[in-house]
Structure formats: C-alpha cells, structure tokens
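Grab a pencil and work through these exercises on the structure below. Try each task yourself before you read its solution.

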Amino acid sequence: MGYKVKWVEDNLGVTRKALRVFEKAGLMPENKSGQYRDYDDDDIDRIWTIRVLQGMGYSIKEICDMVADDRFDFDTSISQKIEQLEEKKVELERHLGYAKTIKLTGRFPSRPKKMGEVKFENFQNNAIERWNISGDPQSELYAKLAETMLSKSNEEWNNSDLGRMLAALEMMKNTDLDLLLAEYVLPKVICKRKALGADHPEIQLMVKLIYENQNILGQAYGMEGEMTIKQFSRFYSSSYLAGDVAKLKAGEYSEEDCEFIAEAISIFGGYKNHDELVEEEMRYGRRDGGGEENE
C-alpha cells in the first residue's frame, strides 16, 4: 500500500520539510524525481522509529550516528540520554522557578548600577540562583495559592485548593499575628487615614511598623539579615502595583488605596514621592519605560 505525503503529515505529524531533512540525512531513501512520492510500509516504519527516538530527545544527528554504528548499544545510549534529560530537567526547573518569581512579584532582578561591573552570564546565573522560588516550599505554596485565587472563582475551588490554603495557614501559624498586622491591619488603617496625606507622621509611623513586621516575618522564614529601608520601599511598594501579588491585593484595596500606600512607603524610603522611586528604578534597570517592575 502506498501512503501519500498528506497521509504522513496527518497521521505521523511529519511535515514535507521534515521528510526532506530525513532524506538528506540518509534516514530515508532520497526522492530523486522531485515529484510527490508514495511511501511504502518500510518507509512508514522508518518514520515511526525516527519519531519515537525524537520523542526520547534524540537529535537527527544522533539517530544518524546510531544507524551508522554496527556496534551501537541501545541500553548504554538510552541510559546516557536519560542522564542528559535529567540535567536539562534540573536546568528547566531553575528557569521555571525564576520566571514564576518574576511573575509573582512583578519585578526583575536589578542590573548593576555600573554596566560592565559584572559579565552578564555571571549576573544571570546569580539572579537565577537567588531570585527563585523553586526548592522553597513556602514560596512555591504561596505562588500556587496566588495562581489558584487569580484563575478561579470561589465556586470553582475544589478540595485540593482548600487543602493548599489550609497547609499555607499551618505553615504561617507561628507568625500569623505579624502577618496579619503587616498585610491586613496596618494597610487598612493607612487607607482610612488617606486625608492626612502620605507624608503625615501618623501614616509614616504605620509604614515603619509594617517595615519592622516584614523583617520579623523574614527572620521567621529564614531570611539572612534585615531588609534595608530602601529595599523595603522598592519591594513593598511594588507589591501594591505590579505582579500577581498586586492582583491579589486589588481584591482588598481600591486602585486609589494601592497608589496611596505605595506613595507612603516610597516617602518612608527617603523619596519625595513614588514617582521619584520609579525614576531611580528606571535608571538602574529595575523597571521598563512602560512602568513594569524589573527588580
């Protein structure tokens, strides 16, 4: 029975271009006529085998070497391939954790203040290593909860979602008062006193309490050293304006409230206002021109 190219495309997922690559590599008999050809059962078996090997991560070159080697040992080859795939898996998980961290926080890692101080490859490796929720159960759980809360309505929540929420609360049980104060009570009080102005001593005192409680929380979760006031002003103000964290807070606060809290935090950090903080961040590559966070 002959199989048309269209049949091969539809049933084996191999395009005309890929078939020509197979032929050029010597894995298929070459079509010298230049006309559309029919494929026999042997051809289909070859294509099927190539596709299976590609599914295991083998490249066309590796498959060619395999075919050309009369002493080829598949058991050794597949063991080596598994090792290679495991290494790629670890690397992909690092990049995935890095991307999830940026999505969650709405910030990119800061570039050096002076370009050329560090080679980009070294900067990137360091950023991926330290700016990463992978391997941190608390952060991974928080990111998963954020994803669930943002992507599902209350009616769509199931038992596994509720289980993750309860697990998160259990992990936070030793610091729940600090968390409650820093994330809910003080910001709500600040919003009720917006009429005082972001630079008012009462507002600034409450921001100071949030800062102190954030450091208490950081110590409880194993953070090395204290977060500086500048770091706090950049990270915490952005948590009301960018990323998944800000989207979660949008359910609790109005846009005006979020902007006011960010303004008050920026002033606490030594800036005239939040715009000045943004300008500094843009100079040091922590934001793009569209206002997105890049820390």
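**Exercise 1. Find how many salt bridges this predicted model has, and see what one of them links.**

Step 1. Start with the count: in this predicted model, it comes to 18 salt bridges.

Step 2. Now pick one of them. The side chains of Lys 4 and Asp 38 form a salt bridge, with N and O 2.9 Å apart.

Step 3. Look at where the partners sit. Lys 4 belongs to the segment before α1 (5-12), while Asp 38 is in the loop between α2 (16-25) and α3, so the pair links distant parts of the chain, 34 residues apart.

Step 4. Check how open each partner is. Lys 4 has a relative accessible area of 51%, and the cut-off for exposed is over 50%, so Lys 4 is exposed. Asp 38 has 41%, so it counts as partly exposed.

**Exercise 2. Work out which parts of the chain the pair Lys 103 and Asp 244 ties together, and whether each partner is buried or exposed.**

Step 1. Check the pair: the side chains of Lys 103 and Asp 244 meet in a salt bridge at 2.6 Å, N to O.

Step 2. Place both residues. Lys 103 is in helix α5 and Asp 244 is in helix α12 (residues 243-249), so the salt bridge ties together parts that are 141 residues apart in sequence.

Step 3. Compare with the cut-offs. Asp 244 has a relative accessible area of 7%, which is under 20%, so Asp 244 is buried. Lys 103, at 49%, counts as partly exposed.

**Exercise 3. Do the same for Glu 256 and Lys 194.**

Step 1. The closest N and O atoms of Glu 256 and Lys 194 are 3.8 Å apart. A salt bridge needs them within 4 Å, so this pair counts.

Step 2. Glu 256 lies in helix α13 (residues 255-268), and Lys 194 lies in the loop between α9 (176-192) and α10 (201-220), so parts that are 62 residues apart in sequence are tied together.

Step 3. Glu 256 is exposed at 54%, whereas Lys 194 is partly exposed at 23%.

**Exercise 4. Sort some charged residues into a network and a patch.**

Step 1. Recall the idea: side chains of opposite charge can pair when their charged atoms come close.

Step 2. Find the network: salt bridges link Glu 23, Arg 37, Asp 43 and Arg 46.

Step 3. Find the patch: Asp 40, Asp 41, Asp 42 and Asp 45 gather on the surface as a patch of negative charge. Asp 42 has its place in helix α3 (residues 41-55).

**Exercise 5. Trace the side-chain contacts of Arg 234 and Asn 132.**

Step 1. Take Arg 234 in helix α11 (residues 229-238). With a relative accessible area of 12%, Arg 234 is buried.

Step 2. Look for a partner: the side chain of Arg 234 makes a polar contact with the side chain of Glu 281, at 3.3 Å.

Step 3. Move on to Asn 132, found in the loop between α6 and α7 (137-151). Asn 132 counts as buried too, at 17%.

Step 4. Follow the side chain of Asn 132. It reaches the backbone oxygen of Arg 94 at 2.7 Å, and one of its polar atoms lies 2.9 Å from the backbone nitrogen of Ser 134.

**Exercise 6. Sum up the chain as a whole.**

Step 1. Count the secondary structure: there are 14 helices and 0 strands.

Step 2. Add the burial: of the 295 residues in the chain, 37% are buried.

Technical notes:
Residues are numbered from 1 along each chain as its sequence is written. This is a predicted model: local features need pLDDT of at least 70, side-chain atom pairs count only at pLDDT 80 or more; totals for chains, interfaces and linings use all residues. Side-chain values use heavy atoms; hydrogens and water are left out. Patches are made of residues with over 30% relative accessible area and no salt bridge: like charges are joined within 9 Å, nonpolar side chains (Val, Leu, Ile, Met, Phe, Trp, Tyr) within 5 Å. Accessible areas come from the Shrake-Rupley method with a 1.4 Å probe; for residues, only the protein chains shown count as cover. Lys and Arg count as positive and Asp and Glu as negative; His and the chain ends are not counted. The place of a charge is taken as NZ of Lys, CZ of Arg, CG of Asp or CD of Glu. Helices (H or I, at least four residues) and strands (E, at least two) are DSSP runs, numbered from the N terminus. Buried means under 20% relative accessible area, exposed over 50%, partly exposed in between (1.4 Å probe, protein chains only). A polar contact is a pair of N or O atoms within 3.5 Å; within protein, one must be able to donate a hydrogen and the other to accept it, and residues adjacent in sequence count only if both atoms are side-chain atoms.
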